[in-house]
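This report is meant to be read beside the sequence and the three-dimensional view shown below. It starts from one residue and its surroundings and then widens to the whole chain.

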Amino acid sequence: MARVRQERAEITRQAILDGAAVAFDHSGFDGTSLSDVVRHAGVTKGALYFHFQSKDALARALMDEQFQVAEGVATIEDPGLQTVIDLTHQMAHALRSNARVRAGIRLLIEFGSFTDPDPSPYNSWIDTCHRCLMPAQDRGDVHVALDAYALSTFLVGSFTGIQVTSHVRTARGDLHTRVLDMWNYLLPGITPADRIPLFDPAGSPGCRARLGLADAAPTAATVTATAG
């Protein structure tokens with residue numbers, strides 16, 4: 001019986017997070033009430049308060065899970081530059097298809113304007129990129145003169161700005177194209193010319209297959225490297 005209760009409690013908790021995500025994604029933190037969350041989740045207020053003591057606790061839970069797309073990196077035997085490229089496309093896909101990721105990102109940006117913003121989600125993704133770029137730099141895939149941590153910080157900031165702009169302009173309909181542009185412009189500056197053809201700024205074939213993305217056309221970075 002105890003196990004059944006635990007499973008039911010977890011199902012309820014996930015339903016609450018799903019309902020909160022829909023509400024926060026639509027109206028932001030200030031525009032969302034706990035009544036909105038209850039309505040979208042299909043639970044009682046008592047059930048909500050059993051799992052989350054406040055709206056702030058709900059928001060924090062969604063922000064904490066927003067970069068879970070990077071959790072699989074730890075199991076990759078030989079991460080590198082293509083891993084980071086694929087991660088940006090995975091995050092782009094999640095933003096387009098997963099309300100919980102969208103809500104987490106929106107909340108993080110909103111909370112970032114508060115007097116006491118929490119940098120830990122950004123730092124977590126920066127650290128993930130850094131763990132991939134260090135071995136890439138050792139292999140000669142990233143210019144040795146570059147600071148891999150500073151590059152990781154720049155990449156996270158660039159992606160954040162790109163996805164916000166895409167959200168405002170096209171409801172993220174063009175997000176994968178804008179991420180492709182980002183890598184086409186960046187690769188010639190961070191990767192030796194003879195190594196650029198080894199990387200696909202549109203995502204690796206395996207990544208595109210998992211995400212249901214179309215096969216990539218020849219890219220500006222690849223054409224430039226080949227012509228050079």
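Leaving aside its neighbours within four places in sequence, D174 is in contact with S166 and R169, and in this predicted model the residue is found in the loop between α8 and α9. The side chain of D174 also makes a polar contact with the side chain of R178, at 2.8 Å. D174 counts as buried because its relative accessible area, 12%, is under 20%.

The loop that holds D174 also holds A171 and R172. Most residues other than glycine have a negative phi. A171, although it is not a glycine, has a positive phi of about 55°, and R172, likewise not a glycine, has a positive phi of about 70°. As to burial, A171 is exposed, with a relative accessible area of 62%, whereas R172 is buried, with a value of 7%.

The table below sets out the accessibility of these loop residues, together with that of L213, which is found in the loop between α10 (205-211) and α11 (220-227).

| Residue | Relative accessible area | Class |
|---|---|---|
| D174 | 12% | buried |
| A171 | 62% | exposed |
| R172 | 7% | buried |
| L213 | 22% | partly exposed |

Not counting residues up to four places away in sequence, L213 touches H176 and R208. Although L213 and H176 are 37 residues apart in sequence, their C-alpha atoms are 9.0 Å apart in space.

R172 appears again at the largest pocket, which has a volume of about 240 Å³. Of the 13 residues that line this pocket, the closest to its centre are D25, R106, Q163, H167 and R172. Helices α5 (81-97), α6 (99-111) and α8 (148-170) each supply at least two residues of the lining, and α6 gives the most, with five residues. By character, the lining residues of the largest pocket divide into five nonpolar, two polar and six charged.

Where do nonpolar side chains tend to be in soluble globular proteins? They tend to be buried together. In this model the largest nonpolar core has 30 residues, of which L81, V84, L95, L133, L155, F159 and W183 touch the most other members. At least two residues of this core come from each of α5, α6, α7 (120-138), α8 and α9 (175-190). Apart from it lies another core, of 23 residues, among them V43, A61, L62 and L107. As for L133, its contacts, not counting residues up to four places away in sequence, are with L81, V84, V142, A148, L151, S152 and L155.

Turning to the chain as a whole, there are 11 helices and zero strands, so that, from the N terminus on, the elements run α-α-α-α-α-α-α-α-α-α-α. Of the 228 residues of the chain, 45% count as buried. Among the contacts in the chain with a separation of 6 or more, residues 24 or more positions apart account for 68%.

Conventions: Residues numbered from 1 in each chain as written. Predicted model: local features only at pLDDT ≥ 70, side-chain atom pairs only at ≥ 80, totals over all residues. Heavy atoms only, no water. 1 Å grid on protein atoms, 1.4 Å probe; cavity = no way out; pocket = protein on both sides within 12 Å on 5 of 7 lines; lining within 4 Å. Points joined across faces, edges and corners; volume = space filled by probe spheres on them. Helix = DSSP H or I, 4+ residues; strand = E, 2+ residues; numbered from the N terminus. Nonpolar A, V, L, I, M, F, W, Y, C, P; charged D, E, K, R; others polar. Core = buried A, V, L, I, M, F, W, Y, C linked by side-chain atoms within 4.5 Å. Buried < 20%, exposed > 50% of the residue type's maximum accessible area, 1.4 Å probe, protein only. Contact = heavy atoms within 4.5 Å. Polar contact = N/O pair within 3.5 Å; in protein donor to acceptor, adjacent residues only side chain to side chain.
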